[in-house]
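Here are a few notes from one pass through this model, written with your eye for ring geometry and charges in mind. I hope the points below are handy while you have the structure open.

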Amino acid sequence: MNETALTVHQTARPHGFPTAEHFAFVESTLPEPVADSALVENLYWSVDPYHREMMDDLPGGFALGTPLEGRTIGRVIASRTPRLAEGEIVLHRQGWRTHAVVTPEETRQLPRFDGVPLTAYLSILGGTGLTAYVGLTRIARLQEGEDLFVSAAAGGVGTATGRFARLLGAGRLVGSAGSAAKARHLIQEVGYDAVFDYHDGPAADLLGKVAPDGIDVFVDNVGGEQLAAAVGALREFGRIVRIGTISQYNNPDPPTPRFNYADIVEKSLRMEGFLVSNYRDIQEELYGFAVPHLQSGRLVPDETVVDGFEHIVEAFLGMLRGRNTGKIIVRDSTEPLSVN
């Protein structure tokens, strides 16, 4: 067992895109569990778009000079509570560090399903998959045969949304992505019918070409110009599921989307956002829906795995630049990828 621990601290507030200089790796002695807690050696870390929002000087954001947080999966290596046995695999939120002292209340014990890798609990079965599932089933209330447009379709939530929508019987499925290679992956592997590269022109024109007859549901991970385009393309009683606004996270003065506000009334549109943290009671339902498809091979997690905790900042910055396909996960370089 290592005798030292590494944590990542934020050292300054970024203006625009963050860089490696906004972070510092801090070494310390290995923490020891106190009564009713356990020491966890972290194995897999999630880096997510919301972490960029947390870097700003906002209520509830990251404090400078302290360890950052995030979803992670680890193994209990020392315990002072009967509720966390040594060797047990748990999920908790004290990520961005190699080791963490946690209480049972701060952890979630993971069910183990044959053939399902641990990384799935940070992607298709984790907060990413739960966001996609809630967006489709609770917010959009997707009906069989309805047509969808998904922005940032090659990201973690976008790929999960596409795969779930197919299983739920969606009609035409179109998306946006940041490159031709991502568009090909979405069409050939995920099940999208058509995908446009948002760099290729005005979003309204590009969306009109791939969805000339309009859409019923827009799952929005981006905001901005693509949100405005979707409002124009939505049919009567269309729904907008607001998940994120990644187009604005690194822009200190983002432009306001411009669209015909009368469309909201005249087409009886509904726009609703949500926080996945308010839907934790849906987690078991997600397992029941997704696990059988994972085991049969009909559902495949889309993941970009980066080896080595020392690359966690690089992985995060790459995700903000769109260098991943699917959910990006950092893996301890000594941990077998296929463990389950």
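1. Let me start with the aromatic rings. This is a predicted model, and with ring centres within 6.5 Å taken as the pairing rule, the count comes to 14 aromatic pairs.

2. One of these pairs is Y133 with F164, an edge-to-face arrangement with 6.2 Å centre to centre and 90° between the planes. Y133 belongs to helix α2 (residues 127-139) and F164 to helix α3 (residues 156-167), so their pairing ties together parts that lie 31 residues apart in sequence. Are the two partners buried or exposed? Y133 counts as buried, at 6% relative accessibility, and F164 counts as buried too, at 0%.

3. Another edge-to-face pair is F274 with Y279, where the centres are 5.8 Å apart and the planes make an angle of 85°. F274 has a relative accessibility of 13%, so with the limit for buried set at under 20%, F274 counts as buried.

4. Two further aromatic features deserve a look. F23, W96 and F316 come together as one aromatic cluster. Elsewhere in your viewer, look for R321: its charged end sits over the ring of F17, at 3.5 Å from the ring centre.

5. Back to helix α2, the home of Y133. How many of its 13 residues are buried? The number is 11, so α2 is largely enclosed by the rest of the structure. The buried residues run from G127 through T128, G129, L130, T131, A132, Y133, V134, G135 and L136, with I139 buried as well. Just after the helix, R141 adopts a positive phi of about 50°.

6. My last point concerns R97, found in the loop between β5 (89-92) and β6 (99-102). Which side chain of opposite charge is nearest to R97? That is E69, 7.6 Å away, and R97 has no salt bridge although it is buried. A salt bridge would need a side-chain nitrogen within 4 Å of a carboxyl oxygen, so E69 at 7.6 Å does not qualify.

7. What, then, surrounds R97? Its side chain makes a polar contact with the side chain of Q94, at 3.3 Å. Setting aside neighbours within four places in sequence, R97 is in contact with L6, T7, N42, W45, P67, L68 and F309. If you display one side chain with its surroundings, I would happily look at R97 together with you, buried and without a salt bridge as it is.

Notes: Residues numbered from 1 in each chain as written. Predicted model: local features only at pLDDT ≥ 70, side-chain atom pairs only at ≥ 80, totals over all residues. Heavy atoms only, no water. Phe/Tyr/Trp six-rings, centres within 6.5 Å; stacked < 30°, edge-to-face > 60°. Helix = DSSP H or I, 4+ residues; strand = E, 2+ residues; numbered from the N terminus. Buried < 20%, exposed > 50% of the residue type's maximum accessible area, 1.4 Å probe, protein only. Lys NZ or Arg CZ within 6 Å of the ring centre and 35° of its normal. Lys, Arg positive; Asp, Glu negative; His and termini not counted. Polar contact = N/O pair within 3.5 Å; in protein donor to acceptor, adjacent residues only side chain to side chain. Contact = heavy atoms within 4.5 Å.
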